[in-house]
Amino acid sequence: MAEEYNTDGMLDIFLYESEQLLESLQDIVLDNKDEECFDEGAINEIFRVMHTIKGSSGIMMFENITRVAHRLEDVFYYLRESQPKNVPHQELVVHVLDVADFIQGELDKIKDGESPDADPEKILEELDKFLTGIKSGIVEKGKSLPPENTHVEPNQFYIAPTATESGKFYKISVFYEPGLQMSNIRAYTAVYALKELAEDLKYIPEDIISNEGSGDEILEDGFHILIQTQSPLDEVREIIEKGTGVERIDIYESSAQEFTLGFRDESQEEIVIDLGEQEEKPREEGGAEKAPKEMAPGDYVIKAKEPGKGKKLAKHQAKGQVKQSFISVNIEKMDSLMDLIGELVIAEAVVLQNPDLRVPGLDLTNFQKASAQLSKITTELQDVIMAMRMMPLTNTFQKMNRIVFDVSRKLNKDIELEVIGENTEVDKNIIEHISDPLMHLIRNSLDHGIESAEDRVAAGKRAKGKITLEAKNEGGKVYIIVKDDGKGLNRDAILKKARANGLLGKRNPDELSDKEVYQFITQPGFSTKEKVTELSGRGVGMDVVVKNIQAIGGKLEIDSVPGEGSEMSLKIPLTLAIIDGIVMEVGDTTFVVEIGAVQEFISIDEGMMVKEPNGEEYANIRGEYYPFIRLCDQYHIQGDAQTLEDGIAAVLEYEGKKVCVFVDRLISEQEIVVKPIPSYLKKVSGISGCTQLGDSSIALILDIAGIM
């Protein structure tokens, strides 16, 4: 049957669900990596994940993934059935992660349009060796092995009747969430999963693969299955529940006669039982059914039978039960929608700031009411799309857990990772930019920061090192902190290397603060490690961190206490798309500065100014001196302000430093859609992007770090 249907439409669902399962798998394994063994719940869940991946990859005919998933499933099948003791837990953890890496690698190839052609023989051999060791331990204790965990290749879909007298019969109706895409494929997956335990199997619609329109029928009337099996009702229901998008399952045990009659039973009234409330009907010896228990009101719903029509299951949901529905959307569509929202914000500004509205005596009462409503809707629409793009840092932080596990094993260090605030939400584009910087910071803490167990004990610390990864929201920014309890940064060693690399210049090292000294480690080619290893010593990494963070408008702060540890803090914006800004003018040129960076606006006169011999100017504001920058001089613009009293100064803050920027006038506060500087224009220091204003003019967005 596999040759009769096209898998192109199923590929996206397969990739998405497989990656979700792999993330779940890694979560389970890493959460239990320090335990003595996997508990029963973890074993069952890992078995379920592998069973699901095996089945779905078998449908998609990705043989390598199917073979590897099936072999690991075999391992956990024996763990579940035989419950052997003294299983080498750390070795098992490594095997599971190796399988996850193999499958993820194959999925990455598929996403890139390549064939998943990696050789699985080595990993299969290692799993066979591990499984053989478990089996031999069982045999030595005189216990019998459970039956083999056999896998039937998906060569044919129909299951020939091989009924036994002790077989049980179930009628099943599966209802999927309204609007679910490709419900016929999900129905196929459910039936394929049931195939391994079915003696006889029937279902309607029958053409779920060959007829794409069957998906609409399934959403409308449900997917109905008749199955004969030796398995109990709970096991059958559990297999179906594993599918995604399932809203309700109606299942009950029937007689052989009802099974033979199939779905077109004119005399049988079908009982609808809420998912989770069904109890398997007890059967007397010899196969006879006991009388069902007396049903209380609300236990079932029977739809009245119309003359000449068969029964239909009533689709209902218990009162008060609220179920969320989710849909997967291609991120490119989300990006396009975000761009359209940005254009809408610009168009709104063009309308509301149209010069035609400035005609004297024009009554704009109704227009202002309508424009206020438009602004309200635009703001709400922007908030909704921004919320849709926000994603928790959970997956990113979980990847760091894997890095700690792998690298600490290579370095022969015992290190734990504490994660705080992993549910903090950030724009998806931001998450993509911080993954690599976080990885470098974690690696640095593992290799440079945390000492060996012997050195830690000698220093009076506990042998096990600790890295804390924390995320939190403060003031419209996201702080991501990587902290370790290692040896800390060596100020003298950093200064020595900085002097050798010519980074000090004419500065006096004694006048540099600790934070200024620690910033040297972010310079390209800077490393205090004498020996180059697989993980560090090449002088690359921290400069990559800074570049990536600065690319999204963030910054890196470094602090350390010798002998106690180091702390790396990333300060990043919640989103890159739309910001609140202050519009300012210098001559005919318009600038925008992010409102969060503005400390105050102040009028300046000549008595407040101090001028150095080298031409640098400082403004004395309430006894504090700030660098004074005239944007007209900075960018060679003809300004309108003839004296300081004609203009206004904005006090801006960045990384704890303040600067006073002088402009001709303030225009307004408004939402700004950030656009990048076109690549064909030369990059100008102090300008991070541009935006379009309501009068269709272009404004330049100031980069405060660049003008300091």
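The exercises below work through confidence, salt bridges and one histidine in a predicted model.

**Exercise 1. Confidence**

Determine which stretches have a pLDDT under 50, and say how their coordinates should be treated.

Solution. Begin with the protein as a whole, for which the mean pLDDT is 77, with 80% of the residues reaching 70 or more. Next, look for the weak stretches: the pLDDT stays under 50 over residues 1–8, where the model has eleven contacts beyond four places in sequence. The pLDDT is likewise below 50 over residues 265–324, a stretch with 88 contacts in the model beyond near neighbours in sequence. Finally, apply the general caution that, where pLDDT is low, the predicted coordinates should not be read in detail.

**Exercise 2. Salt bridges and exposure**

For the salt bridges of aspartate 117 with lysine 109 and of glutamate 557 with lysine 555, decide whether each partner is buried, partly exposed or exposed.

Solution. The structure holds 27 salt bridges, and side chains of opposite charge can pair when their charged atoms come close. In the pair of aspartate 117 and lysine 109, the closest N and O atoms are 3.1 Å apart. Aspartate 117 has a relative accessible area of 57% and is therefore exposed, while lysine 109, at 22%, counts as partly exposed. For glutamate 557 and lysine 555, the corresponding separation of the closest N and O atoms is 3.4 Å. Here glutamate 557 is partly exposed at 32% relative accessibility, whereas lysine 555 is buried, with a relative accessible area of 7%.

**Exercise 3. A link between separate parts**

Identify the parts of the chain that the salt bridge between glutamate 600 and arginine 622 ties together.

Solution. First establish the pairing itself, in which the closest N and O atoms of glutamate 600 and arginine 622 are 2.5 Å apart. Glutamate 600 belongs to strand β14 (residues 598–602), and arginine 622 to the loop between β16 (617–621) and β17 (624–630), so the pair joins parts that are 22 residues apart in sequence. As to exposure, glutamate 600 is partly exposed at 24% relative accessibility, but arginine 622 is exposed at 63%. Elsewhere, Glu451, Arg456, Lys461 and Asp485 are linked in a network of salt bridges.

**Exercise 4. The surroundings of a histidine**

Describe where histidine 224 lies and which polar partners its side chain has.

Solution. Histidine 224 is located in strand β3 (residues 223–229), and its relative accessible area of 15% falls under the 20% cut-off for a buried residue. Its side chain makes a polar contact with the side chain of serine 173, at 2.7 Å. In addition, a polar atom of the histidine 224 side chain lies 3.0 Å from the backbone oxygen of aspartate 221.

How values were computed
Residues numbered from 1 in each chain as written. Heavy atoms only, no water. Salt bridge = Lys/Arg side-chain N within 4 Å of Asp/Glu carboxyl O. Buried < 20%, exposed > 50% of the residue type's maximum accessible area, 1.4 Å probe, protein only. Helix = DSSP H or I, 4+ residues; strand = E, 2+ residues; numbered from the N terminus. pLDDT = per-residue confidence, 0-100. Contact = heavy atoms within 4.5 Å. Polar contact = N/O pair within 3.5 Å; in protein donor to acceptor, adjacent residues only side chain to side chain.
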